[in-house]
Amino acid sequence: MGFMGYVFKALGFESNEQKTKPKKTKTNASYKFKNGKTTGRVEHIDGIPVYYPVTFNQAKEYTQFLKDKKAVIISIETTEKAESQRILDYFKGYTLGANAKFIVLDEDRLYLMLPEGLEVEE
């Protein structure tokens with residue numbers, strides 16, 4: 001199953017009758033990087049919205065997607081180092097408290113947050 005299959009499953013288009021312990025998943029996003037930077041800001045990756053928080057307060061607004069049971073991708077490539085660490089810590093804590101998943105799509109740049117009930121297979 002390719003990345004799109006995982007996304008469709010995560011969005012609930014396919015059901016998974018068996019409950020298995022989720023595994024930590026690292027996968028690559030479906031867009032290209034050039035010299036360590038994206039080739040332009042993308043608004044969606046495989047149908048999931050991508051957001052680029054710059055400040056901590058801006059990042060807090062994106063947790064509303066998890067409350068609404070929607071997946072969201074966060075990119076911190078344009079955020080300052082100290083602020084990006086604070087944002088990541090907040091998202092990791094929030095997803096833990098909301099029983100959601102925090103998945104690394106691309107080291108140090110791209111992160112997928114899945115609300116409770118949505119799954120991504122390896």
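Strand β6 of this predicted model is largely enclosed by the rest of the structure, because 5 of its 6 residues are buried. The strand spans residues 101–106. Its pairing is with strand β7, residues 110–114, to which 5 bridges join it in an antiparallel arrangement. The two strands form a hairpin with 3 residues between them, and within this hairpin D108 takes a positive phi near 60 degrees.

K101 belongs to β6. The relative accessible area of K101 is 18%, and the residue is therefore classed as buried, the cut-off being under 20%. Across the hairpin, the bridge partner of K101 in β7 is L114. The side chain of K101 also has a polar atom 3.3 Å from the backbone oxygen of L118. A further residue of interest here is V120, which is found in the segment after β7. The C-alpha atoms of V120 and K101 are 9.4 Å apart, with their positions 19 residues apart in sequence. V120 counts as buried because its relative accessibility, 18%, is under the 20% cut-off.

β6 is part of an open sheet of 5 strands, ordered β3-β4-β5-β7-β6, in which the pairing is mixed. β3 (44–45) and β6 occupy the edges; each has a single partner strand, so one side of each is left without a neighbour in the sheet. For β6, this edge position in the sheet goes together with the burial of 5 of its 6 residues.

Further into the strand order, β5 comprises residues 72–75 and is joined to β4, residues 48–51, by 2 bridges, with the two strands running parallel. In this pair V50 stands opposite I73 of β5, and Y51 has I74 of β5 as its bridge partner. The connection of β5 to β7 is made by 4 bridges and is antiparallel. I74 appears in this pairing as well, standing opposite Y111 in β7. Both faces of β5 are covered: V72 and I74 are buried on one side, and I73 and S75 are buried on the other.

The helices supply further surroundings for the sheet residues. T95 is found in helix α4, which covers residues 81–97. With a relative accessible area of 3%, T95 is buried. Leaving aside residues up to four places away in sequence, T95 touches L66, A100, K101, F102 and M113. K101, one of these contacts, is the β6 residue whose bridge partner is L114. In contrast to the burial of T95, N57 counts as exposed, at 54% relative accessibility. N57 lies in helix α2, residues 56–61. The C-alpha atom of N57 is separated by 9.0 Å from that of I87, and the two residues are 30 residues apart along the chain.

The search for enclosed space gave 1 cavity of 30 Å³ or more. The space in the largest cavity is about 50 Å³. Its lining consists of 10 residues, of which F3, Y6, V7, L112 and V120 lie nearest the centre of the cavity. V120 is thus both a buried residue and one of the lining residues nearest the cavity centre. Helix α1 (3–10) and strand β6 each supply at least two residues of the lining. The greatest contribution is that of α1, with 4 residues. By residue class the lining divides into 9 nonpolar residues and 1 polar residue, with no charged residue.

For the protein as a whole, 4 helices and 7 strands are assigned. Along the sequence these elements follow the pattern α-β-β-β-β-α-α-β-α-β-β. The protein has 122 residues, of which 39% count as buried. Among contacts with a separation of 6 or more, 60% are between residues 24 or more positions apart.

Note on methods. Residues are numbered from 1 along each chain as its sequence is written. This is a predicted model: local features need pLDDT of at least 70, side-chain atom pairs count only at pLDDT 80 or more; totals for chains, interfaces and linings use all residues. Side-chain values use heavy atoms; hydrogens and water are left out. On a 1 Å grid over the protein atoms alone, a cavity is a set of points where a 1.4 Å probe fits but cannot get out, and a pocket is an open set with protein on both sides within 12 Å along at least five of seven lines; lining residues have an atom within 4 Å of a point. Grid points are joined across faces, edges and corners, and a volume is the space filled by probe spheres set on the points. Ala, Val, Leu, Ile, Met, Phe, Trp, Tyr, Cys and Pro count as nonpolar, Asp, Glu, Lys and Arg as charged, and the others, Gly among them, as polar. Buried means under 20% relative accessible area, exposed over 50%, partly exposed in between (1.4 Å probe, protein chains only). A polar contact is a pair of N or O atoms within 3.5 Å; within protein, one must be able to donate a hydrogen and the other to accept it, and residues adjacent in sequence count only if both atoms are side-chain atoms. Two strands pair if DSSP finds at least two bridges between them. Contact means heavy atoms within 4.5 Å.
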